[in-house]
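Student: I have a structure open and I'd like to go through it bit by bit. Can we start with a term I'll need?

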Amino acid sequence: MTRLSVRAIAKRVGVSAATVSRVLNDRPGVAEETRARVLRAMREQGMVAPAPQSQPFAGIIVPELDNPVFPLLAGAIEAKLGALGVTAMIGSSTKQGPTELDYLASLARRSIQGLVLVSGRHANPSADHGFYWQLHQRQMPMVLVGGHVQDLPVSTVTTDEAAGAAMAVDHLRSLGHTRIGLAGGQGYLRPSQNRLRGYGREMRRWFGSVDDALYAETDYSLTGGHAAGLRLIEGGATAVIAGSDLMALGVLAAARQRGLAVPGDLSVIGYDDTYLASHSNPPLTTVRQPVEQMAGAVATALWERLQGYHTPHVDHVFPPVLVARASTGPPRQP
């Protein structure tokens with residue numbers, strides 16, 4: 001807030017500029033009724049007071065926001081941190097815009113006191129994690145979501161992706177499917193590797209082997225799901241497990257393009273249980289990530305570090321839940 005703005009608010013409320021300044025900096029010596037009038041006048045003028053210095057300030061960095069699970073998770077983490085008295089700022093890394101490293105470098109130069117990193121470079125085991133180690137050496141409190149860095153002693157939060165893929169296979173097997181395909185994300189990402197491991201383990205358990213024609217590697221996008229869906233349909237799949245709800249919508253589009261009914265000709269399962277799942281046509285069976293519980297674990301772990309508690313770092317792994325809806329059913333009998 002500029003000096004002019006401070007003086008304008010002071011004149012509007014009928015107090016001194018020094019009083020407004022004390023309110024802005026959360027200093028004592030201001031009557032609560034006066035403090036309330038100053039803050040109300042600021043809101044009416046569309047002004048926002050900076051967070052008090054005593055209130056911790058954290059950054060939440062997520063991938064691009066096309067996949068609705070990331071804004072859903074970031075919003076839940078921000079709300080949980082806010083309830084603990086921590087102000088948070090959300091930034092999204094994009095392919096064309098600022099990257100995760102851009103955000104990290106920028107935040108490190110500012111008064112940021114903690115970081116939550118969601119599905120960033122730590123989700124790629126072959127990526128350069130040097131900047132994470134630099135932040136750790138500066139004693140920056142951090143929590144990693146959706147991956148980890150080998151030997152880096154910070155808390156992590158994720159779901160058991162292998163178990164999620166396995167329960168999707170089991171659901172489809174119970175309906176009578178044997179030609180179950182997996183539309184996986186980029187193979188270098190830990191979540192993709194974990195889901196492929198759970199899928200392969202369960203397919204070999206029940207059917208003895210995994211047909212290469214039933215696995216399609218693509219990216220976590222609508223177009224990626226569409227391309228994977230076409231390949232898996234051509235490979236003879238009667239059911240497809242997608243790596244995200246967004247990808248599952250692409251698989252549904254591929255089924256329509258091939259003139260197939262869902263679930264009559266092709267069953268489809270998503271992953272995440274975002275709003276897309278319940279509002280798709282038909283509503284998607286999906287593997288739910290427990291977003292609220294994950295956000296609570298993230299917020300608690302970061303808050304403890306911000307408070308200076310020397311608690312050991314914890315790897316929180318939450319069990320997913322399969323939510324059955326109308327996109328899955330028995331395979332059509334020949």
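Tutor: A residue counts as buried with under 20% relative accessible area, as exposed with over 50%, and as partly exposed in between. Keep in mind that this is a predicted model.

Student: OK, let me try that on Ser 119. Is Ser 119 buried, exposed or partly exposed?

Tutor: Ser 119 has a relative accessible area of 26%, so it is partly exposed. Ser 119 sits in the loop between strand E3 (114-118) and helix H6 (130-137).

Student: What about its backbone? What is the phi of Ser 119?

Tutor: Phi is positive there, about 50°, although Ser 119 is not a glycine.

Student: Which other non-glycine has a positive phi?

Tutor: Asp 273 is one, with a phi of about 60°. Asp 273 is in the loop between E9 and H11. Its relative accessibility is 14%, so Asp 273 counts as buried.

Student: Pockets next. What is the volume of the largest pocket?

Tutor: About 1100 Å³. The largest pocket is lined by 45 residues, and the closest to its centre are Pro 63, Glu 64, Phe 70, Ser 119 and Leu 189. That is the Ser 119 with the positive phi.

Student: Which elements give two or more residues to that lining?

Tutor: Two strands and four helices are on the list: strand E1 (57-62), strand E5 (155-159), helix H4 (69-83), helix H5 (100-108), helix H8 (190-207) and helix H12 (291-306).

Student: And how does the lining of the largest pocket divide into nonpolar, polar and charged?

Tutor: The lining has 20 nonpolar residues, 16 polar and 9 charged.

Student: How much space lies in the second largest pocket?

Tutor: About 350 Å³. Its lining has 21 residues, and those nearest the centre are Gly 147, His 148, Thr 156, Thr 158 and Val 317.

Student: Which element gives the most to the lining of the second largest pocket?

Tutor: H8 does, with 4 residues. E5, helix H7 (161-174) and strand E11 (315-318) are also among those that supply at least two each. E5 and H8 also appear on the list for the largest pocket.

Student: What is the split by residue type in that second lining?

Tutor: It comes to 6 nonpolar, 9 polar and 6 charged.

Student: Changing topic: where is there a cis peptide bond?

Tutor: One runs from Val 262 to Pro 263, with omega near 10°. Pro 263 is in the loop between helix H10 (245-257) and strand E9 (267-272). Another cis bond joins Asn 281 and Pro 282, where omega is about 0°. Pro 282 lies in the loop between helix H11 (275-279) and strand E10 (285-288).

Student: How many aromatic pairs are there?

Tutor: The count is 0.

Student: Then which charged side chain sits over a ring?

Tutor: The charged end of Arg 195 sits over the ring of Tyr 271, 3.9 Å from the ring centre. Arg 173 also lies over a ring face, that of Trp 206, at 3.6 Å from the centre.

Student: Back to Tyr 271 for a second. Which residues does Ser 244 touch, leaving out those up to four places away in sequence?

Tutor: Tyr 271 is among them, along with Asn 67, Tyr 220, Gly 270 and Asp 272. Ser 244 itself is in the loop between strand E8 (239-242) and H10.

Student: And why does Ser 244 count as buried?

Tutor: Because its relative accessibility is 1%, and the cut-off for buried is under 20%.

Student: Now Pro 141. Where is Pro 141 found?

Tutor: In the loop between H6 and strand E4 (142-145). Pro 141 has 14% relative accessibility, so it counts as buried. Setting aside residues up to four places away in sequence, Pro 141 touches Gln 113, Gly 114, Leu 115, Leu 302, Arg 305 and Leu 306.

Student: How far apart are Pro 141 and Arg 256?

Tutor: They are 48 Å apart in space, C-alpha to C-alpha, and 115 residues apart in sequence.

Student: Last one: is His 171 buried or exposed?

Tutor: His 171 counts as buried, because its relative accessibility is 17%. His 171 is in helix H7. Beyond four places in sequence, His 171 touches Ile 269, Thr 285, Leu 322, Ala 324 and Thr 328.

Key
Residues are numbered from 1 along each chain as its sequence is written. This is a predicted model: local features need pLDDT of at least 70, side-chain atom pairs count only at pLDDT 80 or more; totals for chains, interfaces and linings use all residues. Side-chain values use heavy atoms; hydrogens and water are left out. On a 1 Å grid over the protein atoms alone, a cavity is a set of points where a 1.4 Å probe fits but cannot get out, and a pocket is an open set with protein on both sides within 12 Å along at least five of seven lines; lining residues have an atom within 4 Å of a point. Grid points are joined across faces, edges and corners, and a volume is the space filled by probe spheres set on the points. Ala, Val, Leu, Ile, Met, Phe, Trp, Tyr, Cys and Pro count as nonpolar, Asp, Glu, Lys and Arg as charged, and the others, Gly among them, as polar. Buried means under 20% relative accessible area, exposed over 50%, partly exposed in between (1.4 Å probe, protein chains only). Rings of Phe, Tyr and Trp (its six-membered ring) pair if their centres lie within 6.5 Å; planes under 30 degrees apart count as stacked, over 60 as edge-to-face and the rest as tilted. A charge sits over a ring if NZ of Lys or CZ of Arg is within 6 Å of the ring centre and within 35 degrees of the ring normal. Contact means heavy atoms within 4.5 Å.
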